[in-house]
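Here are a few worked exercises to go through with the model open beside you. Try each task yourself before reading its solution.

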Amino acid sequence: MIRRWGWFFLLVCLVPFPGHALASQIVFVVKTSVTVTEQSVDVRLEIDNRGNEDALVVTPFLTLAGLKTGLETVPHVAFDGGRIWVHCFPVDELEFSAAGEYPLVLQLRFHDAYMYPYSLVNVTGVRIGERIPLEVPVAGELVAEQVAAEGTLDLRVRNTGNAPLEARLTMVSPTELVVVGDDDKLDIPAGEEQQFGSTIKNKGALPGSTHSVYAIIEYSVNGQHGVLILEESVAVASYMSNTKSRMIIAGTGLIVLLFFLVLFIEFRTEASPA
């Protein structure tokens, strides 16, 4: 009987705790190149899967100057493989009021072998219209803390110019992380700095993963449109962090205690005279 319980305890110890098993990963490297003509904005999107698992049902979505479009869905991108998409935005369909730089936003949606949904985002600046040197009267910094169920995202924006700055703030994040708060209109006096705080809520990001989020600040100066793109990497707390770590340690201790208690009871039972 004692031997039987010993084997049971050995099997319990061999079961890996969450977060310790070797996990498969889908890691995309994104490369975006843009060619602008008088008639169109031509986007070439290239992704490489540098992970160790195939990505399934992969769909890119592109947004530029008020126009959003979904590209062709591909059923599968193998690890150590890649895929290229090409899309043309007709200039006369874009919503832009002045020449200058505009944000091109990519959202890539994909799934793992269990059809669990994932996404990533990427933002690139695109020059549209006449190429005139553009003054940049704004600077900023985006800082995020580690996220478990939720976390904070702090943005500092500084007006480096000599005139008041009116701008529009847009936050871009993957579907797994939701930035709480509406997009803001900014009004910053010359030479001053403003700080904005937001909450990030975890809506499906896996423990231990890292995701890029962006703050896009669009403004006008000297009749041209400008954009400042700030990126921050948000880390999602792993299974072994904080409270969960203590719970796993406590659970392990309880299993060991129960094992020795059962051994003691079994020993006393077998040693008792019939």
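**Exercise 1. Work out the strand order of the four-stranded sheet and find its edges.**

Step 1: follow the pairing. The sheet is open, its four strands run in the order β9-β10-β14-β12, and the pairing is antiparallel. Strands here are DSSP runs of E, at least two residues long, numbered from the N terminus, and two of them pair if DSSP finds at least two bridges between them.

Step 2: look for strands that pair on one side only. Those are β9 (138-144) and β12 (177-180).

Step 3: check the twist. From one strand to the next it averages 25°; the axes behind such angles are lines fitted to C-alpha atoms, and angles run from 0 to 180 degrees between N-to-C directions.

Step 4: zoom in on one pair. β9 and β10 (residues 150-159) run antiparallel and are joined by seven bridges, with alanine 139 opposite arginine 158 in β10.

Before going on, a note on the ground rules: this is a predicted model, where local features need pLDDT of at least 70 and side-chain atom pairs count only at pLDDT 80 or more, while totals for chains, interfaces and linings use all residues. Residues are numbered from 1 along each chain as its sequence is written, and side-chain values use heavy atoms, leaving out hydrogens and water.

**Exercise 2. Do the same for the open sheet of three strands.**

Step 1: the order is β1-β2-β6, again with antiparallel pairing.

Step 2: β1 and β6 each have a single partner strand, so one side of each has no neighbour in the sheet.

Step 3: ignoring direction, neighbouring strands are turned by 15° against each other on average.

Step 4: β2 and β6 pair over nine bridges in the antiparallel sense. Aspartate 42 stands opposite cysteine 88 in β6.

**Exercise 3. Which residues have the most contacts inside the largest nonpolar core, and which strands supply it?**

Step 1: pin down the term. A nonpolar core is a set of buried Ala, Val, Leu, Ile, Met, Phe, Trp, Tyr and Cys residues joined through side-chain atoms within 4.5 Å. Buried means under 20% relative accessible area, with exposed over 50% and partly exposed in between (1.4 Å probe, protein chains only).

Step 2: the largest core has 27 residues, and Phe28, Val41, Ile47, Val58, Leu64, Phe89 and Phe110 have the most contacts inside it.

Step 3: β2 (40-49), β3 (55-64), β5 (74-77), β6 (82-90), β7 (100-111) and β8 (117-128) each give at least two residues. The largest share, five residues, belongs to β7.

Step 4: apart from this core lies another, of 26 residues, including Leu142 and Phe196.

**Exercise 4. Describe how β7 and β8 fit together, and what surrounds serine 119.**

Step 1: 12 bridges join the two antiparallel strands, β7 and β8. Tyrosine 102 has valine 126 as its bridge partner in β8.

Step 2: the two strands form a hairpin with five residues between them, and methionine 115 in the turn has a positive phi of about 65°.

Step 3: β8 is mostly covered, with nine of its 12 residues buried. Serine 119 lies in this strand and is buried at a relative accessible area of 4%.

Step 4: take its contacts (heavy atoms within 4.5 Å). Not counting residues up to four places away in sequence, serine 119 touches Leu108, Arg109, Phe110, Pro174, Thr175, Glu176 and His211.

Step 5: now the polar contacts, which are pairs of N or O atoms within 3.5 Å; within protein, one must be able to donate a hydrogen and the other to accept it, and residues adjacent in sequence count only if both atoms are side-chain atoms. The side chain of serine 119 makes one with the side chain of glutamate 176 (2.7 Å). A polar atom of the serine 119 side chain also lies 2.9 Å from the backbone nitrogen of threonine 175.

**Exercise 5. Which kind of aromatic pair do phenylalanine 28 and phenylalanine 110 form?**

Step 1: Phe, Tyr and Trp rings (the six-membered one for Trp) pair if their centres lie within 6.5 Å; planes under 30 degrees apart are stacked, over 60 edge-to-face, and the rest tilted. The whole structure has four such pairs.

Step 2: at 4.9 Å centre to centre and 90° between the planes, phenylalanine 28 and phenylalanine 110 are edge-to-face.

Step 3: phenylalanine 28 lies in β1 (residues 28-36) and phenylalanine 110 in β7, so the pair ties together parts 82 residues apart in sequence.
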